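The following questions and answers examine a molecular model step by step. Please consult the sequence and the three-dimensional view while reading.

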Amino acid sequence: MVQWNAELARRLSCKEDEKRQLGGLIRRFMSLARTARSEGFQALEGQVDESDDPLLVLGLRLVLEGLPEEALEDVLSTYLLAENRSGWPFLKACVIIEGLLALAGDDEPAVIAQKLVAYYGADRAVAVLEELEAELTATPVAEEDE
Amino acid sequence: MIRSLRTRRSSAWSPPQSSRQKRDALFELASRIALIAERSRAYEREALSEAALVESRRALRLGLELAAAGAGADSIEAAFAANPSFTGLDPGEELELRITLVGLRGLLAREHPYALMRRMSARLGPEYFDKAEAWISYRLKRRHYHPEQLVVPGELPDIIRSLALDPRSLERCLRMAGRELCSAALAGCPQESIELAKPFFGRIGGTILEDDAAHLRSRLSGDEIAAAQSAFAEIVRSLSERGEIELGTSADFGADTAFVSGLTRAVLSLDDRLLRSALRGIDGTLLATAMQGMQPSAHDRILGAMAKRDERRLLDAIDEAQPISGNSIEEAGKRLALRLLNAAKAGRAPREALDRLSEVKSWKT
């Protein structure tokens with residue numbers, strides 16, 4: 001059963017132009033998943049720096065430690081609530097947490113895209129997913145061309 | 001959507017705010033709970049009763065007393081909720097109660113103290129992340145771990161050895177299984193398998209994996225460990241069938257059994273004093289590699305005879321060791337045998353020891 005939480009919906013709500021930034025974040029997680037598979041998880045440490053959201057930096061360190069998913073979700077959502085975010089910063093943090101959980105679960109890039117596009121909302125999710133899947137299909141061809 | 005947010009009650013969206021001073025004090029409380037968790041993994045209820053006797057914070061003392069009496073985490077939470085003196089708390093007290101309950105729940109679930117520390121310190125805010133890591137690092141430095149030398153029948157050690165030929169393949173399987181299943185499966189494996197898996201979870205995660213495997217070895221039944229190993233093997237099989245991992249052949253690994261037996265006998269034929277002097281200042285990597293060509297009894301003899309400084313160097317080298325071929329192990333074993341032979345001649349060791357070392361030194365790979 002789909003559970004609906006009014007406070008969660010209120011905090012997730014943000015402007016359309018802010019929501020467009022989600023695409024970059026989703027692509028980032030797909031790229032991290034590809035790196036984890038091709039170079040190993042420890043290589044992810046070099047993929048984040050101080051300019052990144054602190055939640056991503058700390059969360060990635062926990063993923064590398066292999067913190068089980070339930071504990072990882074507990075820790076990251078506790079951090080999120082401690083910061084009392086709302087609107088775009090809250091939405092972004094939720095996508096980061098969901099992306100980190102997917103990485104920890106060793107999800108494929110395509111599965112990560114499917115999970116994260118939900119944060120666009122029902123009206124945009126399918127179109128964005130088609131866009132991302134098209135990019136995924138095009139990637140191996142581009143690599144062969146090189 | 002993140003489950004813990006989706007199911008959160010509206011009253012639980014704002015965590016209690018408290019002063020830095022109070023949070024520093026609560027960090028100390030979290031550290032104390034993590035240490036109790038560590039002791040209770042080894043000594044069970046006895047450790048809880050002892051900790052309750054000396055605990056000054058009321059909530060933790062009561063919680064420990066309940067836990068020592070056999071109450072589960074849900075019962076303990078219900079007991080606090082039903083106690084009027086734990087309702088209407090100020091934000092600092094509320095935070096203390098939350099950390100105490102998280103700690104007690106983890107402790108009763110036998111969660112690893114470092115993972116529990118991560119959970120509890122998260123309640124204090126992200127600014128305590130590094131402080132928690134520093135606490136864990138300090139504990140890691142003081143950690144004394146003595147691996148059990150198990151020789152367990154079963155195919156998992158061979159599977160892990162084969163996977164390790166392609167580190168990405170081993171990592172895929174470990175990550176897909178998750179650290180908890182890996183610990184349960186590795187509980188029935190020799191230390192060598194754990195050493196191959198540890199580096200993929202980093203310094204802290206690797207230590208937790210090793211501790212949990214040792215802990216589960218005494219807690220799980222043989223059938224439970226076998227079930228965990230089957231589940232891990234199933235992951236390997238399915239990834240292999242999908243062509244996502246490569247399985248090397250275990251024949252590429254390990255020294256010849258006759259060589260292992262010869263080198264083991266040669267090491268055991270030397271007394272501790274001679275071994276200590278021969279191994280003084282030895283290259284840790286060389287010794288760690290050669291030890292892969294010995295039986296556990298020889299490992300114990302070497303570790304027991306070594307000076308502390310040399311032992312640390314050896315353990316560091318073992319931590320960093322990568323899977324290598326049987327030939328490389330035999331070459332390292334021959335170099336070690338030469339070193340021991342020179343020391344044995346100078347120390348007038350018995351003829352039998354000299355003969356055994358000469359035999360290993362001249363082994364034809």
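Q: In what order do the elements of chain A run from the N terminus on?
A: The model is a predicted one. In it, the secondary structure of chain A comprises eight helices and zero strands. Read from the N terminus on, the elements of chain A are therefore α-α-α-α-α-α-α-α.

Q: What radius of gyration does chain A have, and how does this value stand against that of a compact globule?
A: The C-alpha trace of chain A spans about 50 × 35 × 35 Å along its principal axes. Chain A has 146 residues, and a compact globule with that number would have a radius of gyration near 15 Å. The value for chain A agrees with this expectation, because the radius of gyration of chain A is 15 Å.

Q: Which helix of chain B supplies the largest share of the side that touches chain A?
A: In the contact between the two chains, 33 residues of chain B meet 30 residues of chain A. Helix 1 (3-6), helix 7 (113-122), helix 10 (167-186) and helix 12 (202-219) of chain B each contribute at least two residues to this side of chain B. By class, this side has 14 nonpolar, eight polar and 11 charged residues. The largest share, eight residues, comes from helix 10 of chain B.

Q: What distance separates the centres of domain 2 and domain 3 of chain B?
A: The domain assignment of chain B gives domain 1 (18-139), domain 2 (156-249) and domain 3 (257-361). Taken over C-alpha atoms, the centres of domain 2 and domain 3 of chain B are separated by 28 Å.

Q: Are helix 14 and helix 19 of chain B roughly parallel or roughly antiparallel to each other?
A: The axes of helix 14 (residues 257-268) and helix 19 (residues 326-346) of chain B come within 11 Å and cross at roughly 25°. The contact involves B:Phe259, B:Leu263 and B:Ala266 of helix 14 and B:Glu330, B:Gly333 and B:Ala337 of helix 19. Angles under 35 degrees count as roughly parallel. Helix 14 and helix 19 of chain B are therefore roughly parallel.

Q: At what angle do helix 2 and helix 3 of chain B pack?
A: The axes of helix 2 (residues 20-43) and helix 3 (residues 45-54) of chain B are 6 Å apart. Their contact is made by B:Ile36, B:Arg39, B:Ser40 and B:Tyr43 of helix 2 and B:Glu46, B:Ala47, B:Leu48 and B:Ala51 of helix 3. By class, this contact has five nonpolar, one polar and two charged residues. The packing angle of helix 2 and helix 3 of chain B is about 140°.

Notes:
Residues numbered from 1 in each chain as written. Chains lettered and ligands numbered in written order. Predicted model: local features only at pLDDT ≥ 70, side-chain atom pairs only at ≥ 80, totals over all residues. Axes fitted to C-alpha atoms, helices over the stretch in contact; angles between N-to-C directions. Helix = DSSP H or I, 4+ residues; strand = E, 2+ residues; numbered from the N terminus. Parallel < 35°, antiparallel > 145°, perpendicular 65-115°, else oblique. Contact = placed C-beta atoms within 7 Å. Nonpolar A, V, L, I, M, F, W, Y, C, P; charged D, E, K, R; others polar. Domains from an automatic or database assignment. Rg over C-alpha atoms; globule rule 2.2 N^0.38 Å.
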